[in-house]
Amino acid sequence: MKWQAMVLMLVAAVAMPAMASVANLSIDGKAYGWQSASPQGSPDGIRDGSSAWSGGFYGSTYAEGLVDGYYYILWEDIQTVRSIRWVGSSADSSRLVTAFTLWSLNDDADPENPASWTKIGDYNVPEAQKHTYLIVLPADIQTQAIKLSYTDQNRPITGEFELYNQDMTPLAVTVTASPSLHGGVNDAIDGNMLTSYGSAGLNGGPGFMELDLGSEQEVGGLRICFRRQGDFYAVPEAFTIQAWDADANDWSSDLLADVTGWDANTEVFWLDLPEGFTTQKIRLNVTEPRTRPNVSGGAFGIHEFALYAPVPEPATMTLLALGGLALLRRNRK
Ligand SMILES: [Ca+2]
Ligand SMILES: [Ca+2]
């Protein structure tokens, strides 16, 4: 190998981390929407990270059979879209988008012109996923916007419309937690944003939830969707994330995250794990629950706690391929 090619490849490898940020796989953009009748909430409600009823949704709670409409998320540059997660609103399970069509925006086209969109497909939401529907697209789609239009009009309410560069199917886990009050612990890993685990009053003591992969595996990142509900549940003030250390046969004292002063209105916590990180178990410790009027010592709730496999960094692969190409070209000389 010529030294110039080696240098090029080394520079490419060092310049970019080999793994993408799991948290950054979410495509951020601006939301727009239109409804023929009784619009409620703002289109921004579909991308604010919250599925709570108190704000954070877009749709209509009225006019069954009368609502016709759509919404879309538009971003600055063309990106790859691989999976989409549609989430209802946590306060009312009867108001659902039960069928819809997805569209991608044509290059350099006006999103307000219906002719600018290419149909991805028609979707009927399966009963088991009627509150949270994860769609892994049949292939990567390169676009600048994704639109959802209702084809069923049963008071469509959308809590979140999340777009990802990757297949965001969580890793399979089993779950334990303490203390338990409302909902089973499995409600925190059922893929449904509207079911949740709720702790009993903590009386100032810690509570925890741990996920077990069943074997040592590489984990790229995690996401916790905390529950907020009136006087009962609030996101914690402070919490830590720990991983199981198989060699020590104990929880590692090196915390993966040590969060204090967490914002009361932020329900979703993302964490990227170091490249090549492996473990069998990951644990959330609620070290300081937020005090609620109706719960002694505070309580915490979790809609979903999910672990994700690492994802390759597309830019790194491109650079490495370019390095390899440079090497081939040099060898041909
Ligand atoms: Ca929302
Ligand atoms: Ca759930």
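Strands here are DSSP runs of E spanning at least two residues, numbered from the N terminus. In this predicted model, one such pair of strands, β5 (99-105) and β6 (117-124), frames the loop that holds D108. The phi of D108 is near 55°, a positive value in a residue other than glycine. D108 counts as exposed because it has 8 C-beta neighbours inside 10 Å, and the cut-off for that class is 12 or fewer.

A second loop residue invites a look alongside D108. N249 sits in the loop between β14 (238-245) and β15 (250-251). Although N249 is not a glycine, its phi is positive, at about 55°. With 7 C-beta neighbours inside 10 Å, N249 is classed as exposed.

A further loop, running between β16 (257-259) and β17 (268-272), contains D263. D263 has 8 C-beta neighbours inside 10 Å and therefore counts as exposed. In sequence, D263 and E237 are 26 residues apart, while their C-alpha atoms are 7.4 Å apart in space.

Stepping back to the protein as a whole, its secondary structure comprises two helices and 19 strands. Of its 333 residues, 37% are buried. Among contacts with a separation of 6 or more, 79% are between residues 24 or more positions apart.

Two of the sheets can be followed strand by strand. In general, the strands of a sheet pair through backbone hydrogen bonds, in either a parallel or an antiparallel manner. One open sheet has three strands in the order β2-β3-β8, and its pairing is antiparallel. Its edges are formed by β2 (40-41) and β8 (157-158), each of which pairs on one side only. Strand β3, covering residues 58-59, runs antiparallel to β8 and is joined to β8 by two bridges. Within this pairing, G59 has I157 of β8 as its bridge partner.

Another open sheet contains four strands in the order β11-β19-β13-β17, again with antiparallel pairing. Here the edge strands are β11 (197-198) and β17, and each pairs on one side only. Two bridges link β11 to β19, a strand made up of residues 301-308, and the two run antiparallel. On the β11 side of this pairing is Y197, whose bridge partner in β19 is I302.

I302 also leads to the protein interior. The largest nonpolar core has 57 residues, and those with the most contacts inside it are I146, L163, I224, I302 and F305. Strand β4 (residues 69-87) supplies the largest share of this core, with seven residues. Because domain 2 (24-164) and domain 3 (174-308) both give residues to the core, it lies between them.

Which residues does I224 contact when its neighbours within four places in sequence are left aside? The partners of I224 are F269, L284, I302 and F305. Two of these names, I302 and F305, also appear among the core residues with the most contacts. I302 thus ties several parts of the description together: it is the bridge partner of Y197, and it is in contact with I224.

Technical notes:
Residues are numbered from 1 along each chain as its sequence is written. Chains are lettered from A and ligands numbered from 1 in the order in which they are written. This is a predicted model: local features need pLDDT of at least 70, side-chain atom pairs count only at pLDDT 80 or more; totals for chains, interfaces and linings use all residues. A residue is buried if 20 or more other C-beta atoms lie within 10 Å of its own, exposed if 12 or fewer, and partly exposed in between; C-beta atoms are placed from the backbone. Two residues are in contact if their C-beta atoms, placed from the backbone, lie within 7 Å. Two strands pair if DSSP finds at least two bridges between them. A nonpolar core is a set of buried Ala, Val, Leu, Ile, Met, Phe, Trp, Tyr and Cys residues joined through C-beta atoms within 7 Å. Domain bounds come from an automatic or database domain assignment.
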